[in-house]
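Colleague: Could you take a close look at one part of this model for me, namely the nonpolar patch on its surface, and set it in the context of the chain as a whole?

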Amino acid sequence: MDDNPAGQPAPPEKPKASDNPDKPRSNRHGRRLQRIREEIERNRTDGPAIPTWVLALILVLIIGVMTALVVFS
């Protein structure tokens with residue numbers, strides 16, 4: 001049987017302390033999630049050490065040299 005009288009909705013559930021995403025949970029899963037959040041935040045604030053265009057240029061040079069070795073050997 002229902003505990004609520006007819007026509008009355010159930011009261012909303014109160015959020016638990018463990019539902020707060022800013023506060024890590026005490027179990028292993030919660031601690032892991034907190035470490036992941038902290039690493040993502042560090043990566044967002046630090047930025048890349050080497051510009052992306054430099055990395056792309058190095059990649060193109062490596063592929064070009066390997067291709068030249070195969071073609072001209």
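Modeller: What follows goes from the whole chain to the patch and then to one of its residues. The model is a predicted one, and its protein chain has two helices and zero strands. Of the 73 residues in the chain, 3% count as buried, while the accessible surface amounts to about 7300 Å², with 61% of that area belonging to carbon and sulfur atoms. On this surface, Ile50, Leu55, Ile58, Ile62 and Met66 form the nonpolar patch you ask about, and together these residues have about 470 Å² of accessible area. Ile58, one of the patch residues, is found in helix α2, which covers residues 52–72. The relative accessibility of Ile58 is 42%, and because partly exposed residues are those between the buried limit of under 20% and the exposed limit of over 50%, Ile58 counts as partly exposed. For the charged side of the picture, Arg28, Arg31, Arg32 and Arg35 form a positive surface patch, and Arg35 from that group is found in helix α1, which covers residues 28–46.

Key
Residues numbered from 1 in each chain as written. Predicted model: local features only at pLDDT ≥ 70, side-chain atom pairs only at ≥ 80, totals over all residues. Heavy atoms only, no water. Patch = residues over 30% accessible without salt bridge, like charges linked within 9 Å, V, L, I, M, F, W, Y side chains within 5 Å. Areas by Shrake-Rupley, 256 points an atom, 1.4 Å probe, with all protein chains shown as cover. Salt bridge = Lys/Arg side-chain N within 4 Å of Asp/Glu carboxyl O. Helix = DSSP H or I, 4+ residues; strand = E, 2+ residues; numbered from the N terminus. Buried < 20%, exposed > 50% of the residue type's maximum accessible area, 1.4 Å probe, protein only. Lys, Arg positive; Asp, Glu negative; His and termini not counted. Charge placed at Lys NZ, Arg CZ, Asp CG, Glu CD.
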